[in-house]
Amino acid sequence: MTLDSIPNNVTARISSVDVRGAHGLRLMEMGLVPGAPVRLVKAAPLGDPIQICIHNYHLALRRTEASAIEVTINS
Amino acid sequence: MSAVLNTLSLPEHVPLSVPRTARPLTVIVAGNPNAGKTSLFNSLTGLRQKVANYPGVTVESKSGNWFISGNGPTVRLVDLPGLYSLDATSLDEKIASEILLDGSATKADAIIVVADATNLIRNLYLAMQLIETGRPIVLALTMVDLAERAKLKIDLAKLSDELGVPVVPIVAKQRRGLKQLGQAVLDVALRGAQPSIDVKANRDSSPQNNHSRLIQRYARIERIVSDAVETRTEDGPDISERIDRFVTHKFLGPVILLLVMLLVFQAIFSWASLPMTLIDHLFSGLGNVVRANLPPGVFTDLLTDGIIAGVGGVIAFLPQILLLFLFISLLEDSGYMARAAFLMDRLMRAVGLHGKAFVPLLSSFACAVPGIMGTRTIESPKDRIATIMIAPFMSCSARLPVYTLIIAAFFSGKTVLGVVSLGAVIILTMYLLGIAVAIVVASILKRTILNAPTPPFVMEMPPYRLPNFGNVAQALLTRSTVFLKRAGTVILAISILLWALMAFPRSSAPQSKTAEGAVQIENSFAGRAGRLIEPAIKPLGFDWKIGIGLISSFAARETIISTLSIVYNVGEGADNKSASLVDTLRNARRADGTPIWTPLTGVSLMIFFLLACQCMSTVAVVRRETNSWRWPLFMMGYMLVLAYVASLVTFQGGRLLGFA
């Protein structure tokens, strides 16, 4: 499951980040590292970008970027 | 009691142990965007700041003197643009990281890394990178008051121990912790650099190595933070998230954005008009005094018509520019700008641009110059150029006098559907037309010469905060100084040049006072140029007199009004609403008795002014921001072609449709 497809206000844990794209490293620098808990806050009015909460701060990113991040939902 | 409180309650009059060094020290302030860097910088330097360019690059740097204590060394404090990581992506970040990593350009004796205590993990990432380089570092912990309120307990001693650098909590606004920060900075500056950690690995910048170092760094940070910080348990969404329920709401969000934009425009256009008139009167009064007290001649003309009128005309825009910057810094400081970019990104992407381009484009409605400077936050160079190239299509405030004149002359007193004034509809149409052209041009540029893969949109949504009014005032002060400096140099030179073009060669024919001006201008270089280009602009509905106006307005659009007043013999001090200029335009006739100015001529002229790049300041700032003449020349060229074609189509098409 990728970060762009989890439901709103559900906390998931990052399992891996695809860093082949130029911005994968950027996402990791912003704290999206494996193991970190992440919550999808909401999507913008037109469905994209999305707002997430990571390490207690909020970050906006597009769905294409979010799809590079694999997550697992805590059960 | 928490460690944070203990340290902060230290009495501020503790004597500092001041090292005996005569050498002035250089200290850099670095940190993530929104970490409170500017507040700290302002508290430490007060008004003793100056703005200069970094050596070799075209980005402004702020520096100021910090008096740590009466008998200590002089400290030059340098403020860097905010950055998240030393592996930079945007231009702002690249410059900041180059300065931090390159010892030679700005030799720093110490670096203050500013970190937001409420967002410690991500803020420590940059700190960790810098600590690894072994440079002398002090970590300044900001927002500790907010951290206390959020029930975060930070063990400062432990944090400092594990990071290996001094940690000083500060509340910049209340000046808490500033002395301790000074002491810590002096201590590390004198101790000098430490051997950097893991130098070999740092030099190896292969992606795999970057990747694994990144993960190690975050693992270390998370361990340190879980040791040193006691976090409260999450209790639902914070206040910012609650505000966002409205501000980025599906339906309310766009409505609020529209209202905010309307408020800003309303303020820029109506609140600024009184101070603008005052400045205008001040300069025309000054011109009259000079003229009355000096013997008539070329020198007096240069002083009054060239310098005082030219520079005064530009300084009259200072109130609008200040109001715009006031709103931009309020919106930026409060955190709203990021929400605007969040709302607009999807639409901006449709033209191949980035949500972050929305803010500079919005600014360009007041003035393209600050808008173009605001594009530095855009990561992709090609996107940045595309944004710069379309910024001048946003109808800036300098077009407004031109629109107002045409509307007063040809469309006043008319209404649409009985209620809305035709003038308002025309102005709105011009704005929308500018946006439409910008969209088309951006799409074309992004598909052709500026074609590049879609850049990532990764943007922090900072928590809402009350703007720090000290910071806002400081920003306005800096802005006005920069603007006035420009008015005193570049704009002064252009004013003199334009005056000379209209004043030479001198006509000797004795004439009445007003007619003298008209004859003079007709025979001047500018007048001859107007006649020269008349065949080219005739299909647009313009005669040679308008041609002179077009030439003179190349430097600044609003100049056309004073030029037209001179060419059409209207008395001194005519402004855009003066009845005489309006009447003169309505009554101007060709030799065969047909009117020169028709409503269609007016519309054609407005469209030309909307699309042509008639602004020396814009050209100069594009040259500075792109570091080449290629882009400003390209911009002037394509905008001129576009303006010409659009005016041609308007005028000829209008005539075919039977409009006069």
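**Figure 1. The loop that holds K151(B), in a predicted model.** Let us start in the loop of chain B that runs between helix 5 (144-149) and strand 7 (153-154), where K151(B) lies. Everything shown here and in the later views comes from a predicted model. K151(B) is a residue other than glycine, yet its phi has a positive value, near 60°. Is K151(B) buried or exposed? K151(B) counts as exposed because it has 12 C-beta neighbours inside 10 Å, and a residue with 12 or fewer falls in that class.

**Figure 2. N34(B), another residue with a positive phi.** This view moves to the loop between strand 1 (25-31) and helix 2 (37-45) of chain B, where N34(B) is found. N34(B) is not a glycine, but its phi is positive, at about 65°. Here the surroundings hold 23 C-beta neighbours inside 10 Å, so N34(B) counts as buried. The cut-off for that class is 20 or more. For the wider setting, chain B has 660 residues, and buried residues make up 45% of them.

**Figure 3. G418(B) in its loop.** Strand 10 (415-416) and strand 11 (420-421) of chain B are joined by the loop in which G418(B) is found. How many C-beta neighbours does G418(B) have inside 10 Å? The number is 5, and therefore G418(B) counts as exposed. If you also look for S443(B), you will find it 25 residues from G418(B) along the chain. The C-alpha atoms of G418(B) and S443(B) are separated by 38 Å.

**Figure 4. A cis peptide bond in chain A.** Now for a look at the other chain. The peptide bond from D48(A) to P49(A) is cis, and its omega is near -5°. P49(A) has its place in the loop between strand 2 (37-43) and strand 3 (50-54) of chain A. Strand 3 of chain A is where confidence in chain A is highest, at 95. The lowest confidence in chain A belongs to helix 1 (residues 24-29), with a mean of 86. Across chain A the pLDDT averages 89, and 96% of the residues score at least 70.

**Figure 5. Helix 19 of chain B beside helix 28 of chain B.** Helix 19 (residues 400-410) and helix 28 (residues 599-611) of chain B have axes that come within 10 Å and cross at roughly 170°. That angle is why helix 19 of chain B is roughly antiparallel to helix 28 of chain B. From helix 19 of chain B, the residues at the contact are V402(B), Y403(B), I406(B), A409(B) and F410(B). They meet P599(B), G602(B), L605(B), M606(B) and F609(B) in helix 28 of chain B. By class, the residues of this contact are 9 nonpolar, 1 polar and no charged.

**Figure 6. The crossing of helix 25 and helix 26 of chain B.** Which way does helix 25 of chain B pass helix 26 of chain B, in a left-handed or a right-handed crossing? The crossing is right-handed. The axes of helix 25 (residues 544-552) and helix 26 (residues 559-567) of chain B come within 8 Å, at a crossing angle of roughly 145°. On the side of helix 25 of chain B, the contact is made by K545(B), I548(B), G549(B) and S552(B). Helix 26 of chain B brings T559(B), I560(B), T563(B), L564(B) and V567(B). The residues of this contact divide into 4 nonpolar, 4 polar and 1 charged.

**Figure 7. Where chain B touches chain A.** At this interface, 28 residues of chain B are in contact with 26 residues of chain A. Elements of chain B that each supply at least two residues include helix 4 (120-132), helix 11 (252-271), helix 15 (336-350) and strand 12 (458-461). Helix 9 of chain B gives the most, with 5 residues. The side of chain B that touches chain A has 14 nonpolar, 7 polar and 7 charged residues. For the complex, the predictor gives an ipTM of 0.95 and a pTM of 0.80.

**Figure 8. Stretches of chain B to read with care.** Chain B averages a pLDDT of 81, and 85% of its residues score at least 70. Confidence in chain B is highest in strand 8 (residues 167-169), at 96, and lowest in helix 1 (residues 3-8), at a mean of 44. Over residues 1-14 of chain B, pLDDT stays under 50. Residues 54-58 of chain B also have a pLDDT that stays under 50. Where pLDDT is low, the predicted coordinates should not be read in detail.

Definitions and conventions. Residues numbered from 1 in each chain as written. Chains lettered and ligands numbered in written order. Predicted model: local features only at pLDDT ≥ 70, side-chain atom pairs only at ≥ 80, totals over all residues. Axes fitted to C-alpha atoms, helices over the stretch in contact; angles between N-to-C directions. Helix = DSSP H or I, 4+ residues; strand = E, 2+ residues; numbered from the N terminus. Parallel < 35°, antiparallel > 145°, perpendicular 65-115°, else oblique. Contact = placed C-beta atoms within 7 Å. Nonpolar A, V, L, I, M, F, W, Y, C, P; charged D, E, K, R; others polar. Left-handed = near helix turned anticlockwise from the far one by under 90°. pLDDT = per-residue confidence, 0-100.
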